[in-house]
Amino acid sequence: MTRTRPPKLKAEQTTAQRLSSVVKSVRDIMRKDKGLSGDADRLPMLTWLMFLKFLDDLEHNHEAEAEFEGRPYRPVLEGVYRWRGWARSDLTGDDLLAFVNQEKFEVEPGQPMPGLLAYLRGLQGEGARDRRTVVAEIFRGVQNRMINGYLLKEVVQKLDSLDFTSSEESHTLGALYEGMLREMRDAAGDAGEFYTPRAVVRFMVTTLDPRLGETVLDPASGTGGFLVEAFEHLKAQVKTTEDAEVLQERSVLGGEAKPLPYLLAQMNLTLHGMESPQIDSGNSLRFNLAEIGDRERVDVILANPPFGGEEERGIQNNFPADKRTGETALLFMQLIMRRLRRQTPTQKGGRAGVVVPNGFLFSDGVGARVKQELLEDFNLHTIVRLPNGIFAPYTSIPTNILFFDRGGPTREVWYYEHPLPAGKKNYSKTQPVQFEEFAPPLAWWGNREENERAWRVDVSAIKANNYNLDVKNPNAAQDFEHMPPEQLLADILGKERRILALLEELQAELGQQAGSEEVAHA
């Protein structure tokens with residue numbers, strides 16, 4: 001008996017194959033252009049072109065709705081600057097390049113008008129959430145790196161076949177785009193700084209479980225992985241048009257200061273169905289911490305802040321005098337703590353999941369003072385110790401996930417040591433961590449018991465050790481790779497002293513035996 005596939009599955013596969021073919025064709029055309037040196041150049045170029053096509057399709061829907069309701073509609077982009085206005089025109093070759101690149105472009109002699117990118121950068125909206133403002137922010141750092149206008153025309157014609165008005169196509173393109181982001185991470189050495197493994201992201205979202213009506217923030221959003229996962233998690237809870245409005249208008253917030261990841265995050269969220277992503281394009285650390293009040297606080301924060309960076313003095317001055325440092329991770333932790341919603345008699349406090357390097361756990365000085373505040377004013381209920389190499393090959397720095405909420409103070413901290421899968425020595429870009437590997441900690445999460453991977457520590461012990469959170473697993477063999485250098489050295493010296501003491505005892509015993517034999521012989 002021959003099995004036939006359901007019509008819907010066939011249609012989905014056909015759509016995925018067609019769109020994958022279109023994207024592959026576009027990338028193949030781009031490879032011929034000498035102005036693009038690799039995927040790190042090609043993906044941003046593809047991103048902003050796809051964004052303009054998406055925007056035009058979205059405008060088409062809004063215009064149809066306005067016409068049906070009998071009301072006027074002003075498009076975000078005017079006339080020739082709309083995708084349909086220039087991408088489907090006769091412009092090609094040098095004329096197309098001039099229109100896209102130049103500050104001024106003459107359609108006819110003596111009639112100069114802004115070039116496409118100049119026009120997009122100059123858009124002015126009414127407020128930060130106006131789509132014109134968002135478009136201007138997106139394109140402020142964008143450049144056209146293609147130098148062959150005929151190849152650019154071919155790319156535009158291929159992209160014109162995409163239909164973003166179809167939710168099925170948008171969903172499929174979203175998956176394809178995430179694949180391209182992973183490729184970009186692999187192609188560019190510094191791209192890993194704004195990429196967190198999808199499995200880790202999903203684990204954190206699952207455990208924090210954002211609910212529709214809550215606000216989720218990632219103040220260092222990179223390419224938007226946490227925001228996309230949170231958006232999808234909330235989308236599954238939508239049941240009414242009012243729910244859909246809540247999801248779109250006041251659910252997901254981000255911050256990303258670097259132009260490239262900002263652009264990629266905008267497109268990532270857009271392809272997953274968010275019409276107007278609310279991502280701040282400035283440095284999230286630029287605000288004075290003391291001036292952040294209840295209006296800026298949120299319910300859920302998910303973040304993997306950059307670590308190892310050095311912030312300038314002007315940024316450091318936004319923080320309390322006793323907690324100023326150039327270390328980016330410590331500054332972001334203070335910001336995250338400040339932006340969590342306070343607990344009230346009628347409302348729970350905010351909650352957070354934050355990836356931190358191992359150094360944060362055993363840091364002293366400013367680090368110890370930040371951790372003191374974390375333990376005294378927040379409930380640091382869980383630390384998940386991730387296996388070494390989970391971010392390999394982009395960094396080998398051991399990492400942890402801190403889960404805390406504003407229901408403090410902390411009384412005890414649960415630790416969960418997440419191991420490498422049996423038989424695996426390390427992760428790699430071709431064999432990354434999988435979400436299924438987090439099934440044990442997810443099963444343990446709601447029914448906590450100590451075992452070979454989980455243990456708890458009373459907060460008094462942590463305070464007595466200068467707020468050192470780097471507590472080894474008492475139920476397993478010592479993991480040397482998770483020990484701070486000074487602890488590792490102390491451990492080695494301790495063992496050496498014990499060995500010397502045993503040797504001295506042995507030497508003494510041998511001496512006594514020799515003396516006894518001499519007496520007996522005499």
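Strands β6 and β7 pair in the parallel sense, joined over 4 bridges. In this pairing Val-300 stands opposite Arg-351 of β7. The model is a predicted one, and the pairings described here are read from its coordinates. On the other side of the pairing list, β6 also runs parallel to strand β3 (residues 216–218), with 2 bridges between them. There, Leu-217 has Ile-301 of β6 as its bridge partner.

What covers the two faces of β6, and which residues are buried there? In a regular strand, side chains alternate between the two faces of the sheet. In β6, Val-300 and Leu-302 lie on one side, while Ile-301 and Ala-303 lie on the other, and all four are buried, so that both faces of the strand are covered.These strands belong to a wider sheet, in which 9 strands form an open arrangement in the order β5-β4-β3-β6-β7-β9-β8-β10-β11, with mixed pairing. Strands β5 (278–280) and β11 (454–458) stand at the edges; each has a single partner strand, so one side of each is left without a neighbour in the sheet. From one strand to the next, the twist averages 20°. Helix α9 (residues 198–208) packs on this sheet and touches β6 (300–303), β7 (351–357), β8 and β9 (399–405). The direction of α9 makes about 20° with that of β9.

Further along the sheet, strand β8 (residues 379–385) pairs with strand β10 (residues 412–417) in the parallel sense, over 4 bridges. Within that pair, Ile-383 stands opposite Tyr-415 in β10.

The edge strand β5 also takes part in a pocket. The second largest pocket holds about 760 Å³ of space. It is lined by 32 residues, of which Leu-253, Gly-254, Gln-278, Ile-279 and Asp-280 are the closest to its centre. Several elements each supply at least two residues of this lining: α6 (131–139), α11 (241–249), β4 (252–255), β5 and α14 (328–339).

Two arginines outside the sheet can be taken next. Arg-27 is placed in helix α1 (residues 7–31). Its relative accessible area is 14%, which is under the 20% limit, so Arg-27 counts as buried. Beyond its neighbours within four places in sequence, Arg-27 is in contact with Asp-39, Arg-42, Leu-46, Met-180 and Glu-183.

Arg-82 lies in a loop, between α2 (39–69) and α3 (83–86). Is this loop residue buried or exposed? With a relative accessible area of 11%, Arg-82 is buried. Leaving aside neighbours within four places in sequence, the contacts of Arg-82 are with Asp-56, Glu-59, Glu-63, Pro-75 and Leu-77.

For the chain taken as a whole, the protein has 19 helices and 11 strands. Of its 522 residues, 49% are buried. Among contacts between residues at least 6 apart in sequence, 73% join residues at least 24 apart.

Confidence in the prediction can be stated in the same way. The average pLDDT of the protein is 86, and 87% of the residues score at least 70. Over residues 1–6 the pLDDT stays under 50, and the model has 2 contacts for this stretch beyond four places in sequence.

Definitions and conventions
Residues numbered from 1 in each chain as written. Predicted model: local features only at pLDDT ≥ 70, side-chain atom pairs only at ≥ 80, totals over all residues. Heavy atoms only, no water. Pairing = 2+ DSSP bridges. Axes fitted to C-alpha atoms, helices over the stretch in contact; angles between N-to-C directions. Contact = heavy atoms within 4.5 Å. pLDDT = per-residue confidence, 0-100. Buried < 20%, exposed > 50% of the residue type's maximum accessible area, 1.4 Å probe, protein only. 1 Å grid on protein atoms, 1.4 Å probe; cavity = no way out; pocket = protein on both sides within 12 Å on 5 of 7 lines; lining within 4 Å. Points joined across faces, edges and corners; volume = space filled by probe spheres on them.
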